[in-house]
Amino acid sequence: MTKFDASGPVHIQLIAGRPADTYDACLQALQSPVADPRLWCHLGAAAYALKRYEDALQALQPARRFFPEDMQVISGLAAVYAALGRNQESLALAREACGLAPDSAQCHANLGVALQQTGDLSAAAQAYMQALRLDGSQPVAAVNLTIVLLKLGQVAEAVAHARDAVGRNPLSPALHNNLAEAHVRNLDSPAGLEVIEQALRLAPKDAALHFKRGLILCYLARFSEANQALASARAIDPEITTHYLPDWTSGRGNEEASRQVEPILAYFETASLR
């Protein structure tokens, strides 16, 4: 068993990035009648990393009793409630965490997630913008702000933000993917194709990226290449066409963008890919 050290201030710590080892070490240590209560914090973080959200909740609730004003414990609980779909509870805790740590980019990003999940997209955008003012590379805000702006129909703003985010983190496939989607929603499919191909150089085994490349090639009427791209996506994930379709193919956006959707969906039908 890896030795677990719970010394120091309350913080979220994993053993060398191994949450399963952290979880086991914390459980063992908590058997002691004089166990350090900070172990509940680490146990909850490890359970969350393992996507064992009910276990995370069971750990972070006693952590909150021991550390009622600790920002990381409250933020952790907010993230757990969000993962469990308990969005109003998540939102209340995210607001509380921001009140305790108004200069924390992570807290504002968590608040953005909670607001996004409750459907308040305008407020979510503001929270993500505040997170990025505090930390221009905050990863959750950098990814999600583009998505929210597109859903709000603020396409030019989404393109500008996504381009800035890629400039700050040029090795992130997710940010390239967002920029490509923003370009397509902005009726600039060639630019979208260029960016998605950059993303594929970073993540060549990402089925969703191959699928999106195929869609963009359909937009450009390059059907032979589109078929190859969609075949690559299906080779990686045979179910890709049944569970993944970007927002910009749903008919949202302006009338011209909606018209562009029709030949793509027709192509799927004729290619028996849907």
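Entry 1. Terms and model.

I take partly exposed to mean a relative accessible area between the buried range, under 20%, and the exposed range, over 50%. With a relative accessible area of 48%, F66 therefore counts as partly exposed. I note at the outset that the model I am reading is predicted.

Entry 2. The chain as a whole.

I looked up the secondary structure and found 15 helices and zero strands in the chain. The chain has 274 residues, and 46% of them count as buried. I then turned to contacts between residues at least 6 apart in sequence: 50% of these join residues at least 24 apart.

Entry 3. Aromatic rings.

How many aromatic pairs does the structure hold? I recorded two aromatic pairs. In one of them, the ring centres of Y48 and Y53 are 5.4 Å apart and the planes meet at 55°, so I entered this pair as tilted. I checked the accessibility of both partners. Y48 is partly exposed, at 34% relative accessibility, and Y53 is also partly exposed, at 23%. F66 and F67 form an aromatic pair too, with 6.3 Å from centre to centre and 50° between the planes, and this pair is likewise tilted.

I also looked for a charge over a ring. The charged end of R52 sits over the ring of Y23, at 4.2 Å from the ring centre.

Entry 4. The largest pocket.

I read the volume of the largest pocket as about 310 Å³. Its lining consists of 14 residues, and those nearest the centre are Q72, S75, G76, A79 and N110. Which helices each supply at least two residues of this lining? I found α2 (38-49), α4 (71-83) and α6 (105-117). Of the contributors, α4 gives the most, with six residues. I sorted the lining of the largest pocket by class and obtained seven nonpolar, seven polar and no charged residues.

Entry 5. The second largest pocket.

The second largest pocket has a volume of about 200 Å³. I listed 14 lining residues here, with Y48, A79, A82, N110 and V113 nearest the centre. Y48 is the residue I had entered as a ring partner of Y53. A79 and N110 had already appeared among the residues nearest the centre of the largest pocket. Helices α4, α6 and α8 (139-151) each supply at least two residues of the lining of the second largest pocket. Which helix provides the largest share of that lining? I found that α6 does, with five residues. By class, the lining of the second largest pocket comprises nine nonpolar, five polar and no charged residues.

Entry 6. Three residues within helices.

I placed A131 in helix α7, which spans residues 121-134. Is A131 buried or exposed? I recorded A131 as buried, because its relative accessible area is 0%. Leaving aside residues up to four places away in sequence, A131 touches A105, H108, A109, Q138 and A141. I also looked up the separation of A131 from Q106: the two are 25 residues apart along the chain, and their C-alpha atoms are separated by 6.8 Å.

T146 lies in helix α8, which also contributes to the lining of the second largest pocket. I entered T146 as buried, at 1% relative accessibility. Again leaving aside residues up to four places away in sequence, T146 touches A158, H161, A162, N178 and A182.

N227 is found in helix α13, residues 223-236. I noted N227 as partly exposed, since its relative accessible area is 39%. N227 and L215 are twelve residues apart along the chain, with 9.3 Å between their C-alpha atoms.

Entry 7. Positive phi in two loops.

I finally examined backbone angles. Most residues other than glycine have a negative phi. L187, a residue other than glycine, has a positive phi near 60°. I located L187 in the loop between α10 (173-185) and α11 (189-202). L187 is partly exposed, with a relative accessible area of 33%.

Where does A221 lie? I located A221 in the loop between α12 (207-219) and α13. The phi of A221 is also positive, near 60°. Helix α13, on one side of this loop, is the helix in which I had placed N227.

How values were computed:
Residues are numbered from 1 along each chain as its sequence is written. This is a predicted model: local features need pLDDT of at least 70, side-chain atom pairs count only at pLDDT 80 or more; totals for chains, interfaces and linings use all residues. Side-chain values use heavy atoms; hydrogens and water are left out. Rings of Phe, Tyr and Trp (its six-membered ring) pair if their centres lie within 6.5 Å; planes under 30 degrees apart count as stacked, over 60 as edge-to-face and the rest as tilted. Buried means under 20% relative accessible area, exposed over 50%, partly exposed in between (1.4 Å probe, protein chains only). A charge sits over a ring if NZ of Lys or CZ of Arg is within 6 Å of the ring centre and within 35 degrees of the ring normal. On a 1 Å grid over the protein atoms alone, a cavity is a set of points where a 1.4 Å probe fits but cannot get out, and a pocket is an open set with protein on both sides within 12 Å along at least five of seven lines; lining residues have an atom within 4 Å of a point. Grid points are joined across faces, edges and corners, and a volume is the space filled by probe spheres set on the points. Helices (H or I, at least four residues) and strands (E, at least two) are DSSP runs, numbered from the N terminus. Ala, Val, Leu, Ile, Met, Phe, Trp, Tyr, Cys and Pro count as nonpolar, Asp, Glu, Lys and Arg as charged, and the others, Gly among them, as polar. Contact means heavy atoms within 4.5 Å.
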